[in-house]
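Colleague: I would like to look closely at a single part of this model and understand how it sits among its neighbours. Could you take me through it slowly, explaining the terms as they come up?

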Amino acid sequence: MVKKISWTLGGIILAAVLFVGGFLLYVSLTDYKPAPTEKITITDNQEKILQQGEPFTLTTFNIGYAGLDRNEDFFMDGGTASRASSNEQVQANLKGITSFLSGSPSDFYFIQEIDIKSSRSYNINELDELKGALRQGYSFSYADNYKVPWVPVPLFHPMGHTHGGMVTISGFKSTGVTRYSLPGKENWPQQLFDLDRDFIENRIPVNNGKELVLVNLHLSAFDKGGSIRKQQLQFLGNYMKKESDKGNYLIIGGDWNHALPGTDPSAFKATQGWPDWLQSFPEGFKPEGFQWAVDKNTASVRTVDVAYREGVNFRAVIDGFLVSPNVEIVKVEGHDLKHEHSDHNPVTAEFLLK
């Protein structure tokens with residue numbers, strides 16, 4: 001009898017080992033491995049040319065895959081949920097997000113965390129929804145940064161399959177769009193289930209013969225000690241120097257996953273303390289003459305270890321823009337949407353090319 005039980009337990013353990021090993025092999029073989037740079041297709045490219053000296057607006061918005069509304073938490077930040085609460089809630093969040101975007105028109109949009117077909121957002125193609133709301137007068141440049149056949153955590157309610165990324169939306173002509181892979185990887189096998197971080201570069205011709213280079217980014221968040229973020233910022237700094245040396249106009253923006261310079265999270269009432277994942281922006285990064293365009297008075301992100309409650313969640317400004325010396329910042333406005341449909345709030349800036 002004891003021998004029979006031992007054989008049964010051994011068989012179960014062997015089956016489990018073979019299953020886990022086979023799963024990791026499958027994910028390794030199908031792992032999304034983007035090239036260092038990849039050209040991106042521009043959908044509905046516009047003909048309008050940007051004019052030097054005329055103001056234009058740019059809005060950045062991490063939409064949290066339309067699944068991180070004010071009633072949600074997230075397991076990576078200490079909560080329990082890995083998916084939106086329901087298909088209906090994703091649709092409601094998308095409706096609120098697209099309503100804001102169409103009701104507060106900008107010349108350009110940087111959108112992060114938009115899903116194409118993911119379990120966490122009930123396989124809704126959010127990019128198609130966005131195109132339907134903003135199609136007239138805009139081009140769309142989408143790049144993947146999260147493609148995993150199955151994310152197995154949390155164990156009893158896994159995130160499932162993921163396919164999502166970022167999109168830059170432009171009301172002006174683009175001469176080219178490129179996806180740049182950002183450096184830094186977690187150890188295997190965790191790296192198999194993480195985002196492949198990147199930024200999207202749009203090259204916008206200006207009537208004076210120069211180019212406006214737009215960079216839509218989403219830096220790492222949960223890298224222990226911020227080591228990966230340091231690599232990404234070093235890569236970005238080298239890229240910025242190269243472009244600014246050409247005399248081009250440069251605007252870098254999106255979700256930096258750092259408390260941005262000139263902002264102070266203590267300005268926002270909260271009972272929670274500073275979260276482990278958030279770091280202050282490193283001193284000395286900003287190239288000479290570059291300027292930050294941020295709204296220090298409006299929080300752009302909340303913690304998602306618990307659902308949102310005014311005065312409870314820790315909040316900070318991690319979304320904004322960094323611009324080259326030849327770009328004038330006219331004004332910057334964070335939109336306090338009370339995290340109704342995303343854990344982030346959008347930020348709009350008005351610029352003028354000198």
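Why is strand β2 (residues 56-62) largely enclosed by the rest of the structure?

Modeller: Before the answer, please keep in mind that this is a predicted model, in which local features need pLDDT of at least 70 and side-chain atom pairs count only at pLDDT 80 or more, while totals for chains, interfaces and linings use all residues. Residues are numbered from 1 along each chain as its sequence is written, and side-chain values use heavy atoms, with hydrogens and water left out.

Strand β2 is largely enclosed because seven of its seven residues are buried, where buried means under 20% relative accessible area, exposed means over 50%, and partly exposed lies in between (1.4 Å probe, protein chains only). The names of strands (E, at least two residues) and helices (H or I, at least four residues) come from DSSP runs, numbered from the N terminus. Looking at the two faces of β2 in turn, you will find Phe56, Leu58, Thr60 and Asn62 buried on one side, and Thr57, Thr59 and Phe61 buried on the other.

The next step is to see which strands pair with β2, where two strands pair if DSSP finds at least two bridges between them. With strand β17 (residues 347-353), β2 pairs in the antiparallel sense over five bridges, and within that pairing threonine 57 has glutamate 350 of β17 as its bridge partner. With strand β3 (residues 108-115), β2 pairs in the parallel sense, again over five bridges, and here leucine 58 has phenylalanine 108 of β3 as its bridge partner.

Helix α2 (residues 87-103) joins this picture as well, for β2, α2 and β3 make a right-handed β-α-β unit; right-handed means that, with the strands pointing away from the viewer, the path from the first strand over the helix to the second runs clockwise.

Following the chain past β3, you reach the loop between β3 and α3 (126-134), where tyrosine 122 is found. Most residues other than glycine have a negative phi, yet tyrosine 122 has a positive phi of about 60° although it is not a glycine. Tyrosine 122 is partly exposed, with a relative accessible area of 32%, whereas the residues of β2 are buried on both faces.
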